[in-house]
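Got your viewer open and your selection tool ready? Load the model below and follow along, stop by stop.

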Amino acid sequence: MESKEAFYFYKEGHTSSIDKVLKQIDEEKINIGRSLGYEIEPFEDIFQSYYKGRCAETDDINEMINSNLCYRNVLSPSSMKSRFIIEDIKYGLVLMSSIGERFNIKTPIIDSIINISSVLNGSDYMSEGITLDKLGF
């Protein structure tokens with residue numbers, strides 16, 4: 001993204017290494033739900049349900065995302081401060097980390113993504129993001 005040269009965000013930017021991180025985040029999310037008595041659908045099932053008929057029917061996340069017709073021409077953001085990064089972290093990952101912390105559920109990969117992104121963007125997403133306390137819980 002910092003090269004300033006546009007690339008296809010999903011088709012070229014989503015790789016099997018990214019899948020490994022995505023899968024770990026998904027496992028932490030599922031573990032949070034399970035620890036609180038909820039069954040959370042895995043990413044692959046949610047994606048297949050939402051994009052039914054617009055992506056390959058497979059368990060391979062990379063193939064699923066790269067075959068998605070809706071993502072075909074999406075270009076990369078030009079900055080790490082893109083909404084693709086900031087919104088997912090501040091309003092998704094920080095909340096999951098907050099829930100994990102409150103109920104003593106470990107979220108090491110989620111926390112790592114928050115911390116690394118905070119350093120890259122010169123922000124403190126843990127304090128800026130949505131937490132259980134900010135929601136009044």
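**Stop one: a bridge from H4 to H6**

Select Lys90 and Glu128 and show their side chains: the two meet in a salt bridge, with an N to O distance of 3.7 Å. Keep in mind as you go that this is a predicted model. The pair ties together distant parts of the chain, since Lys90 sits in helix H4 (residues 83-102) and Glu128 in helix H6 (residues 125-128), 38 residues apart.

Now switch on a surface. Is Lys90 buried or exposed? Lys90 has 15% relative accessibility, so it counts as buried. Its partner Glu128, at 36%, counts as partly exposed.

**Stop two: more salt bridges**

How many salt bridges are there by this rule? The count comes to five, and two others are worth a visit here.

Pick Glu44 and Lys23 next. Their side chains form a salt bridge at 3.0 Å, N to O. This one also links distant parts of the chain: Glu44 belongs to helix H2 (residues 43-50) and Lys23 to helix H1 (residues 16-35), 21 residues apart. Glu44 is at 10% relative accessibility and so counts as buried, while Lys23, at 30%, counts as partly exposed.

Then go to Asp26 and Lys29, whose side chains meet in a salt bridge at 2.8 Å, N to O. Both residues lie in helix H1, three residues apart, or about one turn of the helix. Check Asp26 on the surface: its relative accessibility is 5%, which is under the 20% cut-off, so Asp26 counts as buried.

**Stop three: along H1**

Stay with H1 and select the whole helix. Try a distance between its end C-alpha atoms: they are 28 Å apart, which agrees with the 28 Å that 20 residues should span at 1.5 Å a residue.

Colour the buried residues of H1 next: Asp19, Ile25, Asp26, Glu28, Ile30, Ile32 and Gly33. What covers them? Show H2, helix H3 (61-66), H4 and helix H5 (108-121), which are among the elements covering the buried residues of H1.

Before leaving, click on Gly37, which follows H1 and has a positive phi, near 90 degrees.

**Stop four: the nonpolar cores**

Hide the bridges and show Ile89, Leu93, Ile110 and Ile114 as spheres. Within the largest nonpolar core, which has 14 residues, these four touch the most other members. H1, H4 and H5 are the elements that give two or more residues to this core, and H4 supplies the largest share, six residues.

Zoom in on Ile114. Which residues does Ile114 touch, leaving aside those up to four places away in sequence? The list is Ile89, Leu93, Val94, Ser97, Tyr125 and Met126.

Apart from this core lies another, made of 10 residues; to find it, select Phe43, Phe47, Met64 and Ile65, which are among its members.

**Last stop: Pro108**

Finish in helix H5, where you will find Pro108. Is Pro108 buried or partly exposed? Its relative accessible area is 46%, so Pro108 is partly exposed.

For a final distance, pick the C-alpha atoms of Pro108 and Asp59: they are separated by 24 Å, with their positions 49 residues apart along the chain.

Notes. Residues are numbered from 1 along each chain as its sequence is written. This is a predicted model: local features need pLDDT of at least 70, side-chain atom pairs count only at pLDDT 80 or more; totals for chains, interfaces and linings use all residues. Side-chain values use heavy atoms; hydrogens and water are left out. A salt bridge is a side-chain nitrogen of Lys or Arg within 4 Å of a carboxyl oxygen of Asp or Glu. Helices (H or I, at least four residues) and strands (E, at least two) are DSSP runs, numbered from the N terminus. Buried means under 20% relative accessible area, exposed over 50%, partly exposed in between (1.4 Å probe, protein chains only). The expected span of a helix is 1.5 Å times one less than its number of residues. Contact means heavy atoms within 4.5 Å. A nonpolar core is a set of buried Ala, Val, Leu, Ile, Met, Phe, Trp, Tyr and Cys residues joined through side-chain atoms within 4.5 Å.
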